[in-house]
2 protein chains.
Amino acid sequence: MIVEEKKVTLKGKNIFTTESGYSFDELTIVYETYGKLNKEKNNVILVEHALSGSAHAAGMHPGKNNVGWWDPLIGPGKYIDTDKYFVICSNFLGSCYGTTGPSSIDPRTGKPYGLRFPKINIRDMVRVQKLLLDYLGIDRIKVAIGGSMGGMQALEWAVTYPDLVDKSIVIAADYKLTPLNIAYNHVGIQCILNDPHFYGGDYYDKPHKPDKGLSTARMLGMITYKSGDLFDYRFDRLRDENNFEVENYLNYHGLSFINRFDANSYLYILWAMNEHDITKPYGSLKMALKRIKAEILMIGIDTDMIFPSKYMRDFIKKLNASGGCGKIEEISSMQGHDSFLVDIDKIGPIISDFIEETYNKEMVCV
Amino acid sequence: MIVEEKKVTLKGKNIFTTESGYSFDELTIVYETYGKLNKEKNNVILVEHALSGSAHAAGMHPGKNNVGWWDPLIGPGKYIDTDKYFVICSNFLGSCYGTTGPSSIDPRTGKPYGLRFPKINIRDMVRVQKLLLDYLGIDRIKVAIGGSMGGMQALEWAVTYPDLVDKSIVIAADYKLTPLNIAYNHVGIQCILNDPHFYGGDYYDKPHKPDKGLSTARMLGMITYKSGDLFDYRFDRLRDENNFEVENYLNYHGLSFINRFDANSYLYILWAMNEHDITKPYGSLKMALKRIKAEILMIGIDTDMIFPSKYMRDFIKKLNASGGCGKIEEISSMQGHDSFLVDIDKIGPIISDFIEETYNKEMVCV
């Protein structure tokens, strides 16, 4: 499947205001679409990417070999079947992959935003996606789906726009981060802020960037995305002359990340995740849950260090007790949190069953 | 109980040679003792401290309020009863609490060792303790006991000196680190090495030390010593104007650590743990296990992120299959790895039962 990156720049006084109160007069959104929008405009599947992901979820760009991050899941005849559905994936606000973020040029100053970029949260990201859908003339989402931070957005869609979303699929995610997640993020944030080449976020025109800090933060991230079982299986205590293999693995991923990601974006995205909590504007979880009209499918992974399934189980229980309709499935995998990117054979059938409504609905919301 | 820190400096050509081949002509060991050595010299309990611990395991120093780190466990009439036993706790090689380490003055240069300190491992630490016992005229250990890195030493004692140790109690520890542990350590090590004030380890006479790096490494350590359940219970998503409570907690522990610990010591101790593997000189785990004559009690904690009980269970199974005598108990606690420092009411009775041999021996090694 050959696909193209699309880009729209929306302009206008206060075209988008963050929850923190900052107004953009200009906002660029990068996105991709796969399949065709039907006449009734009711075959839209909104795919949400995770922290270091991009709008390039499936297929390859013309003349390139850059397969999208969820390509085994999305395409003609695949679990998310682009022969039937119109799939949209947009790069979220704050990222460094095309949509406006801290490395973008602030039109008011002609310089990159850096730390002058406003604090954002997951709901801001979802509200920017809503702007994109308005631009595309779409007012109905059959399914919002994502893993990890993408799952947080898929759920947030059902809370913020309850009348627009039929179903949300939330994989390896929850309605808020736990204090353990915030703690890990805190360490990653310190790594970047402590880097002498961070220069308060204004490193874009400097000879050195906060590479070591970003790379170390990424290493910590990589650990939490995997599992002890996977590391035992893959690395054990194997070593070369200088390092354990697991150290080489982390070094490799740390180094490759600095070539493809922006330290300020990393900070803003961690902050956005930390801040996210669907209950915030509604006073209580119960009130937030009562808003949800979409059917919710959560998929947990038994080795996930970031979102252990018990939290998702608890969420679904409370959703159903509030009159909502939720279901949880847990898959077994040694891949840890990143299972949602790897174990397509395991999550794919669950996802397509839920999209196609082959579940007995009365059995679902229990 | 009022106790005193003791110190001995052993001198002599090549008085101690590390496994890495470095010879010290002078070695200082700081230690404490509680209770009295009996006439038969067979009432010795050797207490091993963990990464950031010290020889000050119990009681208080004269005129001070500095209660030892295992004081609720050790003392007159306590689980480790100093009315009956002669307890020795020595600060290990490489630490910054008195025993020779990277912050000590190298007598050959008159300057701190820094990174010129030799690479050490857990076995080196145990062999330095043996020097201390020789100095004290002790050739029999009734029980070697420790938690975490202290547990690694307690087990190593039974492997390196099988004829000297009657029993080893290994809490929240194993015979080697897992690749997941090594991965976490790798991130902590990067934090210190990346600090611009590390100066290749020669920061002792500089105006700034690698405080930010050490503090961030400590924060990561603190996370792994605790548990998600504990953080949920203690912090949830509580916050003040600037930070989540869990962030304040990490900041506090990061800051307080730089006032009491040395960055080079932290590096050497992590390296020592990474390198440790009781099987190393013996070719296989089976051969190492066959050396062990001591009865081994392992105590696991059900929320321990560093040493999940399954590893300890596997070790005991293999020990007993090799003709050894091992037993594992698992306690339930939300405290995570640090349970061994906190849940004295839970581990104390198991420890004293094992010391006093109220177990049916035939039931133990199964």
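What rotation, and what shift along its axis, superposes chain A on chain B?

**View 1. How the two chains map onto each other.** A turn of 180° with 0.0 Å of shift along the axis puts chain A on chain B, at an RMSD of 0.0 Å (least squares on C-alpha atoms of residues with pLDDT of at least 70 in both). The two copies are thus related as by a two-fold rotation axis. This is a predicted model, where local features need pLDDT of at least 70 and side-chain atom pairs count only at pLDDT 80 or more, while totals for chains, interfaces and linings use all residues. Residues are numbered from 1 along each chain as written, chains are lettered from A in the order written, and side-chain values use heavy atoms, leaving out hydrogens and water.

**View 2. The area buried between chain A and chain B.** Together they bury about 3,500 Å², 61% of it on carbon and sulfur atoms (accessible area, 1.4 Å probe, lost on being put together and summed over both parts). Pro179(A), His186(A) and Arg237(A) supply 20% of what chain A buries here, more than any other three residues.

**View 3. Who touches whom.** Contact (heavy atoms within 4.5 Å) links 40 residues of chain A with 40 of chain B. The copies meet through the same surface, because 100% of chain A's interface residues are also interface residues in chain B.

**View 4. A salt bridge across the interface.** Arg239(A) and Glu275(B) pair up through their side chains at 2.9 Å, N to O. Between the chains, the count is eight salt bridges (a Lys or Arg side-chain nitrogen within 4 Å of an Asp or Glu carboxyl oxygen).

Definitions and conventions. Buried area is the accessible area (1.4 Å probe) that two parts lose on being put together, summed over both.
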